[in-house]
Amino acid sequence: MSTADRVPEKPALEGLESKWEAIWENRGTYRFDRESASRDSIYSIDTPPPTASGSLHIGHVFSYTHTDVVARFQRMRGKSVFYPMGWDDNGLPTERRVQNYYGVRCDPSLPYENDFEPPHEGGDGKSIKAADQKPISRRNFIELCERLTAEDEKQFEALWRTLGLSVDWTQTYRTIGQEALYTSQLAFLGNVLRGEAYQAMAPTLWDVTFRTAVAQAELEDKDQAAAYHRVSFHQQGGGTVDIETTRPELLAACVALVAHPDDERYQALFGTTVRTPVFDVEVPIVAHHLAQKDKGSGIAMICTFGDVTDVVWWRELDLPNRAIIGFDGRIISDAPDVITSERGQAAYQQIAGKTVFSAKQAMVELLRESGDLIGEPKPIVHPVKFFEKGDKPLEIVSTRQWYIRNGARDEELRARLIAHGTDLDWHPDFMRVRYENWVNGLTGDWLVSRQRFFGVPLPVWYPLDADGNPVYDQPILPTRELLPVDPSSDPAPGYDESQRGQAGGFVGEVDVMDTWATSSLTPQLAGGWERDPALFDLVYPYSLRPQGQDIIRTWLFSTLLRSELEHGRSPWANAALSGFIVDPDRKKMSKSKGNVVTPADMLEQHGSDAVRYWAASSRLGTDAAFDPKNPTQIKIGRRLAIKILNASKFILGFEGAADAPVTEPIDQSMLATLALVIEQATAAFENYDHARALEVTENFFWTFCDDYLELVKERAYGEPGDAQASAVAALRVALSAMLRLFAPFVPFATEEAWSWSNDGSIHAATWPTVAELPTEGNPGLLELASRALTGIRRAKTDAKASQKTPVASAVISGTTDETTLLSQVASDLRAVGRIDDLSFAEGTELAVADIVLATVPES
């Protein structure tokens, strides 16, 4: 089929996504060819697995486009690109979505129900109250999680294909699939056996809504209304010590008062004791450097536990634990043993069973009655710790949990993690500081166990002693041949199921791993660690980790940590960090804020190339504003994609060959300018500055279309000869290079235009190089010719004449160097300007003067 037969009569963007996605899939255009690949020829990407719960939002489109343009560039540079896609489908977001979607909640005490059908299906289910959700067994609940995530993943994949992600869809994984279970549990066993994972009973940040522990990396500060309460503690022999607290409901859990060791007001009190108001319990007054002299009265009460500072004081000062908050966020029914007085016991019963909010109100009244509340509470607003997905402030309760050492208490490990961050190439580089600040600011090891259901089971059992009590310090571990396992349903090695829960038998761990404990192994999951050693050796360490800047502390750090513990090295050579999407008010878009834009309608309305253009216009690490009511950048991107199609059709309509000699100075100048663009775009891509690569390519393209094409089209349409052949050859060569420069950004329009004159995919073609272009040519000539053409157009506009109006004569003035250069393109300027007599004159600056129209314009 000839080129003329391939070019459609009316090129259009509509329908290109479905057309080319199907062709790419059928041809295997983006398939990773491991058979012919070597370690040096591979570019591997540790792709972020999006959370498969609900819908993708515009932020996903933004950051994943950044990754895709890199993948496409590297593929065209001759690399064998390993570009998998994962689905992060376990964890709290999935469980919450399943609860809302199906109207159910998990109750592990219930038996499994065959052929269970949920009472509700569809929508977000948020109108269903938690009390009305049907309780079901853990196994039934997990089956619903599997069902819904499978459907969500299909929708996600369809959207990614529409967007044009050049992912190899044969290389996918799920963070809850069998391979993920095996890999996660195997890595955890290695952590345990090497002493990097351990179990401990300790104060734990606890979300009372989800009834689960929360790690430091999952915290979020939210400003909350509160009040300072000034309360009197009683000294031996009379007198009081006044403290200020926002949590009077924790008075029953008070274990000490604390002041700064340099605070002269309290130095005489260190080593003495006071008695608590209402509960009459003796507590010591101690010194610690974290106490703030300028906060409140300068002396504070230490409770177990009001906040993370209480935990530090409790641990470093070796204080007793009198925790009174339960897993449900309510005050537990049994008072601490140290409350012995009848009055104290009676007071405690007035707060027992209450939420912390109600207990606070009750405690304030008790303090008023006892005369120990001084004045009225002073309202304040202060930051309070929340679970990033939670709705209520976190509490601190003592629980038995699993931890992985992360350098918080190991200076040698911390130093190695900092060194890996130094060796990693960060794009942009300033993001490195955020990583280092996080590592240096760690206060505790990584809490990896969660009291949830849909997650990777911790592969641990515990023996039961003769009284049926678990012996936690002698955990039973499976061999790797048994993996994956579920201790809640699989018997422990060396036991049978009849011994579960029996004295002398065993009990299985029911907790699951934190979702980041699985996601931190994405290089191993995607690369086939311990399952496909040949593949893993090819792709690991990866070339690139792309991700959002907000999860440096979670995903990037945890992945680097697990790689250090398992392999002793960084898992990637480069890290590319995308910025946030912000709304017109410059507020970050997020589901919790309710200002998220879903991309499906936007892709359908404007086209994928237009949306990709908008995303690719932003540099890494830079936030991008998006106004769905006026998406200016997307409209510009659509105009560009349409222009690519139309310009390609126009150029391919000229008769001639791309390999003819390029002899005309303006043609040579255009190609010399294009050579500079190729150099700049290539260098920008190599420096992970895709936005700069797009910018220089687009700037040249519009000059090419608006000026160069106009200058040479008459010659290209003209009689065959050297000059005509030169124009057509230059146009064809430039078109080929420009389509390839644009291919990573607007893959559908460029593939369509490429197919009109080429066999095979543009995305399998080679990246353009300077060596493809003629070496002679002065780039300055094209720039001068463009300015001269602009002057001719402006002169006609000023004369209120059509651009098609003939010109009897015109004079272009400029410096000697300028006019000498312009004389080389005089014939093309005469043709485009319809100028009968064109001359050049000496001047101080380039200008079009003395233009005489051949006809008088109509008034």
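# Exercises on Cavities, a Pocket, Helix Packing and Backbone Geometry

The residues lining the second largest cavity comprise 4 nonpolar, 3 polar and 2 charged. The structure is a predicted model, and the exercises below begin with this cavity.

## Exercise 1. The second largest cavity

Determine which residues line the second largest cavity and which helix gives the largest share of the lining.

**Solution.**

Step 1. The space in this cavity is about 40 Å³.

Step 2. The lining consists of L13, L16, E17, H606, G607, S608, D609, A610 and F748.

Step 3. At least two lining residues come from each of α2 and α17 (608-616). The largest share, 3 residues, belongs to α17.

Step 4. Sorting the lining by class gives 4 nonpolar, 3 polar and 2 charged residues.

## Exercise 2. The largest cavity

State how many cavities of 30 Å³ or more the search of the whole structure finds, and describe the lining of the largest cavity.

**Solution.**

Step 1. The search yields 3 cavities of 30 Å³ or more.

Step 2. In the largest cavity there is about 140 Å³ of space. Its lining has 14 residues, and E25, Y30, R161, V167 and W169 are the closest to the centre.

Step 3. Helix α2 (residues 16-27) contributes the most to this lining, namely 3 residues. Helix α2 also supplies at least two residues to the lining of the second largest cavity.

Step 4. By class, the lining of the largest cavity contains 5 nonpolar, 4 polar and 5 charged residues.

## Exercise 3. The second largest pocket

Identify the residues nearest the centre of the second largest pocket and the elements that give two or more residues to its lining.

**Solution.**

Step 1. The volume of this pocket is about 460 Å³.

Step 2. There are 22 lining residues, with P108, R138, R452, F453 and V510 nearest the centre.

Step 3. Two or more lining residues are given by each of α5 (138-163), β7 (197-207) and β16 (395-404).

Step 4. The lining divides by class into 9 nonpolar, 6 polar and 7 charged residues.

## Exercise 4. Helices α18 and α21

Classify the relative orientation of α18 and α21, and name the residues that form their contact.

**Solution.**

Step 1. Helix α18 (residues 632-652) packs with helix α21 (residues 722-742) at an angle of about 155°, and their axes are 10 Å apart.

Step 2. Angles over 145 degrees count as roughly antiparallel. The two helices, α18 and α21, are therefore roughly antiparallel to each other.

Step 3. Their crossing is left-handed.

Step 4. On the α18 side, L640, I644, S648, I651 and L652 make the contact; on the α21 side, L731, R732, L735, L739 and F742 do so. This contact has 8 nonpolar, 1 polar and 1 charged residues.

## Exercise 5. Helices α11 and α15

Classify the relative orientation of α11 and α15, and give the classes of the residues in their contact.

**Solution.**

Step 1. The axes of helix α11 (residues 431-440) and helix α15 (residues 552-567) cross at roughly 80° and come within 10 Å.

Step 2. Angles from 65 to 115 degrees count as roughly perpendicular. Helices α11 and α15 are therefore roughly perpendicular to each other.

Step 3. From α11, the residues M431, R434, Y435, W438 and V439 meet I552, R553, L556, F557 and L560 from α15. By class, this contact has 8 nonpolar, no polar and 2 charged residues.

## Exercise 6. Helices α20 and α23

Describe how α20 passes α23 and which residues of the two helices meet.

**Solution.**

Step 1. Helix α20 (residues 690-717) and helix α23 (residues 779-798) have axes 10 Å apart and pack at an angle of about 65°. They are therefore roughly perpendicular to each other.

Step 2. Helix α20 passes α23 in a left-handed crossing.

Step 3. In α20, the residues F700, T703, D706, D707, Y708, E710 and L711 meet L782, A785, S786, L789 and R793 in α23. By class, the contact has 6 nonpolar, 2 polar and 4 charged residues.

## Exercise 7. Backbone geometry in loops

Locate P484, P541 and Y688, and describe the backbone at each.

**Solution.**

Step 1. P484 is in the loop between β20 (461-463) and β21 (506-508). The peptide bond from L483 to P484 is cis, with omega near -5°.

Step 2. P541 is in the loop between α14 (533-539) and β23 (542-548). Y540 and P541 are joined by a cis peptide bond, with omega about 0°.

Step 3. Y688 is in the loop between α19 (665-686) and α20. Its phi is near 60°, a positive value in a residue other than glycine.

Definitions and conventions:
Residues are numbered from 1 along each chain as its sequence is written. This is a predicted model: local features need pLDDT of at least 70, side-chain atom pairs count only at pLDDT 80 or more; totals for chains, interfaces and linings use all residues. Side-chain values use heavy atoms; hydrogens and water are left out. Axes are lines fitted to C-alpha atoms, for helices over the stretch in contact, and angles run from 0 to 180 degrees between N-to-C directions. Helices (H or I, at least four residues) and strands (E, at least two) are DSSP runs, numbered from the N terminus. Angles under 35 degrees count as roughly parallel, over 145 as roughly antiparallel, 65 to 115 as roughly perpendicular and the rest as oblique. A crossing is left-handed if the near helix is turned anticlockwise from the far one by less than a right angle, and right-handed if clockwise. Contact means heavy atoms within 4.5 Å. Ala, Val, Leu, Ile, Met, Phe, Trp, Tyr, Cys and Pro count as nonpolar, Asp, Glu, Lys and Arg as charged, and the others, Gly among them, as polar. On a 1 Å grid over the protein atoms alone, a cavity is a set of points where a 1.4 Å probe fits but cannot get out, and a pocket is an open set with protein on both sides within 12 Å along at least five of seven lines; lining residues have an atom within 4 Å of a point. Grid points are joined across faces, edges and corners, and a volume is the space filled by probe spheres set on the points.
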